[in-house]
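Trainee: I am new to this structure and would like a close look at one part, the surroundings of the ligands. Could you walk me through that part slowly?

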Amino acid sequence: MKRALITGVTGQDGSYLSELLLSKKYKVLGIMRRTSHFNTARINHLYKNKNFDTEYGDLVDPISIANVIDRFKPDEIYNLGAMSHVRISFDVPRFTLETNTLGPVGILEYIHQHNPKIKYYQASSSEMFGATRSKPPFGLSAEFRPQSPYGTSKLAAFHLTRIYREGYGLFAVNGILFNHESPRRGETFVTRKITRGIALILKGKMKKLRLGNIESKRDWGHSKDYMRAIHLMMQQEKPDDYIVATGETHSIKEALEFCFKEAGLNWKKYVVIDKKFFRPNEVPYLQGDSSKIRKLGWRPRYNWKEILKEMLENDIKYVEEIFES
Ligand code: NDP
Ligand code: GDR
């Protein structure tokens with residue numbers, strides 16, 4: 001039985017990856033950090049599976065992570081834990097670097113020193129392309145030009161992963177994932193903010209939805225599809241880097257129009273543009289070239305409209321439930 005350790009298990013991707021690995025008969029241990037609230041809503045349903053459990057640890061405390069690795073002895077480590085909000089990374093730049101860069105280097109160094117057989121996955125991001133001057137769609141040879149502390153922290157971790165692979169021969173893989181969403185997406189990312197906002201408007205619990213720059217464009221996929229891709233890269237004979245994207249890009253405004261129309265509403269009546277949600281630097285356009293992972297047989301099963309529809313239906317149901325009880 002393969003053993004997988006997942007950091008960021010309480011997040012969107014961690015929950016879907018756990019489900020996928022459990023369905024493949026892995027033993028899964030998630031690392032979660034201590035918070036003052038319960039943070040296990042996305043994984044509570046998994047505890048009944050005898051092959052799933054969690055332990056406390058924090059990426060800014062490398063000894064805590066090393067202790068868990070020592071006890072659990074994983075075959076594969078998926079490092080999904082991160083301060084993952086781009087705008088907030090401008091408010092907490094140091095914490096962002098500590099978690100997103102020093103966290104992974106601590107794990108890589110542990111593997112190098114103590115058990116070089118452990119396979120390592122690094123959650124890299126399309127934010128590393130930032131304001132790239134390369135032509136879209138962006139592939140592995142496109143210029144990296146991050147626009148935020150978050151993008152910079154992920155770019156440093158990307159190179160460290162490559163360096164440990166090339167320098168020490170570790171099985172260390174970067175998945176450069178473009179934006180991926182789902183009903184489990186954090187409430188402050190733009191797609192979920194829109195679908196949750198519409199659900200509250202329909203229920204009469206919200207009057208205006210305040211957003212920032214709605215002109216930027218994103219290549220949106222589904223988290224479930226992307227978790228299949230990262231597992232696939234970890235099963236290859238040789239470690240390598242891959243891009244995961246749909247190749248289709250749409251503006252935030254298009255997403256707004258689509259979701260409000262689905263709900264029978266005119267977005268212009270409800271959306272207020274608020275400077276508070278703009279970033280000091282923006283990433284204006286993202287579109288990925290995922291041809292390399294497609295050669296391994298991966299394809300996305302969802303398109304952007306199906307994802308948004310699923311999120312909207314889920315939020316409408318959720319809001320109905322909480323205001324009924
Ligand atoms: P989430 O924000 O939903 O989850 C992040 C996870 O990291 C949470 O479990 C969070 O814990 C945990 N975490 C944060 N700080 C620490 C820390 N110091 N120590 C340990 N754990 C910590 O992100 P996603 O699931 O959407 O993304 C997963 C990974 O993929 C992240 O690394 C993200 O940067 C990257 N990524 C995401 C993309 C996307 O579009 N979703 C695209 C490209 C890359 P808690 O629940 O307590 O907050
Ligand atoms: P992103 O996702 O920054 O691409 O990072 P997010 O959904 O936060 O923003 C996408 C675009 O929408 C614009 N926007 C707003 N964004 C938020 N969050 N809130 C708003 O009110 C709002 N209004 C407009 C943003 O300016 C931006 O252009 C996500 C994260 O999951 C990262 O961890 C991941 O690495 C990248 O995707 C790929």
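Mentor: Gladly! Let us begin with a term: a polar contact is a pair of N or O atoms within 3.5 Å. Please also keep in mind that this is a predicted model.

With that term in hand, look at ligand 1. A backbone N or O atom of glycine 11 lies 3.0 Å from one of the oxygen atoms of ligand 1. For glutamine 12, a backbone N or O atom is 3.1 Å from an oxygen atom of ligand 1. Glycine 8 also takes part, with a polar backbone atom 3.3 Å from an oxygen atom of this ligand. How much of ligand 1 does the protein bury? Taken alone, ligand 1 exposes 900 Å², and the protein buries 90% of that.

Now widen the view to the whole shell. Ligand 1 is surrounded by 26 residues, and the closest are Thr10, Arg33, Ser84, Tyr150 and Lys154. By class, the shell around ligand 1 divides into eight nonpolar, 13 polar and five charged residues. At least two residues of this shell come from each of α1 (12–23), α3 (93–114), β5 (119–125) and α4 (149–168). Of these, β5 gives the largest share, three residues.

Strand β5 deserves a short stop. Tyrosine 120 has its place in this strand, and an unreviewed UniProt entry covers Tyr120 with the annotation "binding site". Is tyrosine 120 buried or exposed? Its relative accessible area is 1%, so tyrosine 120 counts as buried, the cut-off being under 20%.

Next, turn to ligand 2. Around ligand 2 there are 23 residues, and those that come nearest are Ser125, Tyr150, Ser216, Arg279 and Glu282. You have met Tyr150 before, among the closest residues to ligand 1. In the side chain of tyrosine 150, an N or O atom is 2.6 Å from an oxygen atom of ligand 2. Arginine 185 places a polar side-chain atom 3.0 Å from an oxygen atom of ligand 2. With glycine 212 the partner in the ligand is a nitrogen atom, 2.8 Å from a polar backbone atom of that residue. On its own, ligand 2 has 690 Å² of accessible area, and the protein covers 95% of it. Two elements, α5 (190–202) and β8 (209–211), give two or more residues to the shell around ligand 2. Sorted by class, that shell has seven nonpolar, nine polar and seven charged residues.

Where does ligand 2 sit with respect to the domains? Domain 1 (3–180 + 221–244) and domain 2 (186–218 + 248–286 + 303–324) both contribute residues to the shell around ligand 2, so ligand 2 lies between them.

Finally, a look at the wider chain. An unreviewed UniProt entry places the feature "domain: NAD(P)-binding" at residues 5–311. Over residues 5–311 the chain is 37% helix and 16% strand, and the C-alpha atoms at the two ends are 28 Å apart. One more residue to find is asparagine 51, in the loop between β2 (27–32) and β3 (52–56). Asparagine 51 has a relative accessible area of 13%, so this residue is buried. From asparagine 51 to isoleucine 243 there are 192 residues in sequence and 30 Å in space, C-alpha to C-alpha.

How values were computed. Residues are numbered from 1 along each chain as its sequence is written. Chains are lettered from A and ligands numbered from 1 in the order in which they are written. This is a predicted model: local features need pLDDT of at least 70, side-chain atom pairs count only at pLDDT 80 or more; totals for chains, interfaces and linings use all residues. Side-chain values use heavy atoms; hydrogens and water are left out. A residue is near a molecule or strand if one of its heavy atoms lies within 4 Å of it. A polar contact is a pair of N or O atoms within 3.5 Å; within protein, one must be able to donate a hydrogen and the other to accept it, and residues adjacent in sequence count only if both atoms are side-chain atoms. Accessible areas come from the Shrake-Rupley method with a 1.4 Å probe; for residues, only the protein chains shown count as cover. Helices (H or I, at least four residues) and strands (E, at least two) are DSSP runs, numbered from the N terminus. Ala, Val, Leu, Ile, Met, Phe, Trp, Tyr, Cys and Pro count as nonpolar, Asp, Glu, Lys and Arg as charged, and the others, Gly among them, as polar. Domain bounds come from an automatic or database domain assignment. UniProt positions are given in the numbering used here, feature names are shortened, and annotations may be inferred rather than shown by experiment. Buried means under 20% relative accessible area, exposed over 50%, partly exposed in between (1.4 Å probe, protein chains only).
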